Amino acid sequence: MPPTPVYIICSPSLQVGKTLIARLLSEFLLLKNGSVLSFDINLREPSLVDYLPNITETAYVTDTWGKMQLMDRLILDDGVAKVIDLGFHAFDEFFKMCIEIEFVREAVRNQVAPIILFVGSADRLSSRCYEVLRHQIRAPALITVHNQHVLRSELPEAMDRGPVLRIFALPQFLRTYIDRLTFSFTGYLRHEKDSTTELHQWIWRNYSLFRDIDLSLARSARLGARR
């Protein structure tokens, strides 16, 4: 059996589109697997729990109890993929905690596969934090997300060297449409008869990117089992 994936969507910067990525990924995993558990660690509203209340729990890393509650869920090999929408305010504390408890090592020991989706930005803070993560977490477990809704230019060179997931920008009127709390990406695919629409193609492309990550994880597990 492949390991249980834990996707951590993060950035130290504000308003880079983390929640959009978390929504897309959560809905994809729910469609593919029939289940997913997402965690919302945010200060801003609306946040992931507002968009996907049926599959999302609010989590906290500001106190020891909250950290223990979250980590106990993340290192559990229960076959249910996890998605964390990590707010910028909790970035430092979350990864400090990961180092202190050796989260990556403990996760691997429990057949759990952490995958960091670092949403890239052009500011210095983002570049500095990316370099720190790059020395702690090896590719392909560290993937840069180039969200072209926010970063219209190229990624900083260092972030573009490893695996990159590119989210193309939509026209503003479609962006306003998908930002509604009642909007569902999977629901749109199911009910929109015209598969040639720009939004249909955009959702399908992003789901395909997530599928490739999922397949890569399964291949790595098979290779590891043969060794």
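This section describes the sheet, the helices packed on it, one pocket and some unusual backbone geometry in a predicted model.

The model contains an open sheet of seven strands, arranged in the order 3-2-4-1-5-6-7 with parallel pairing. The edges are occupied by strand 3 (56–58) and strand 7 (164–167); each has a single partner strand, so one side of each lacks a neighbour in the sheet. From one strand to the next, the twist averages 20 degrees.

Strand 1 is paired on two sides. With strand 5, strand 1 forms a parallel pairing of seven bridges, and with strand 4 a parallel pairing of four bridges. Tyr7 illustrates both contacts: its bridge partner in strand 5 is Ile115, while in strand 4 Tyr7 stands opposite Val83. Of the seven residues of strand 1, seven are buried, and the strand is therefore largely enclosed by the rest of the structure. This burial applies to both faces of the strand: Thr4, Val6, Ile8 and Cys10 are buried on one side, and Pro5, Tyr7 and Ile9 on the other. Further along the sheet, strand 2 (residues 37–41) is joined to strand 4 (residues 82–86) by five bridges, again in the parallel sense. In this pairing, Ile41 of strand 2 is placed opposite Leu86 of strand 4.

Helix 1 and helix 3 both contact the sheet. Helix 1 (residues 18–33) lies across strand 1 (4–10), strand 2, strand 4, strand 5 (112–119), strand 6 (142–147) and strand 7. The direction of helix 1 is at about 170 degrees to that of strand 4. Helix 3 (residues 64–74) packs on the sheet through contacts with strand 1, strand 2, strand 3, strand 4 and strand 5. The angle between the directions of helix 3 and strand 2 is about 155 degrees.

The second largest pocket encloses about 440 Å³ of space. Its lining comprises 22 residues, and those nearest the centre of the pocket are Gln15, Gly17, Thr19, Arg44 and Pro46. By residue class, the lining of this pocket consists of eight nonpolar, seven polar and seven charged residues. Helix 1 supplies the largest share of the lining, with four residues.

Two of the residues nearest the pocket centre, Gln15 and Pro46, also have notable backbone geometry. Most residues other than glycine have a negative phi, and most peptide bonds are trans. Pro46 is joined to Glu45 by a cis peptide bond, with omega at about -10 degrees. Pro46 is situated in the loop between strand 2 and helix 2 (48–51). Gln15, found in the loop between strand 1 and helix 1, is not a glycine but has a positive phi of about 55 degrees. The relative accessible area of Gln15 is 54%, and the residue is therefore classed as exposed.

A positive phi, of about 60 degrees, also occurs at Gln111, which is likewise not a glycine. Gln111 is located in the loop between helix 5 (103–109) and strand 5. With a relative accessibility of 42%, Gln111 counts as partly exposed.

Conventions. Residues are numbered from 1 along each chain as its sequence is written. This is a predicted model: local features need pLDDT of at least 70, side-chain atom pairs count only at pLDDT 80 or more; totals for chains, interfaces and linings use all residues. Side-chain values use heavy atoms; hydrogens and water are left out. Two strands pair if DSSP finds at least two bridges between them. Axes are lines fitted to C-alpha atoms, for helices over the stretch in contact, and angles run from 0 to 180 degrees between N-to-C directions. Contact means heavy atoms within 4.5 Å. Buried means under 20% relative accessible area, exposed over 50%, partly exposed in between (1.4 Å probe, protein chains only). On a 1 Å grid over the protein atoms alone, a cavity is a set of points where a 1.4 Å probe fits but cannot get out, and a pocket is an open set with protein on both sides within 12 Å along at least five of seven lines; lining residues have an atom within 4 Å of a point. Grid points are joined across faces, edges and corners, and a volume is the space filled by probe spheres set on the points. Ala, Val, Leu, Ile, Met, Phe, Trp, Tyr, Cys and Pro count as nonpolar, Asp, Glu, Lys and Arg as charged, and the others, Gly among them, as polar.
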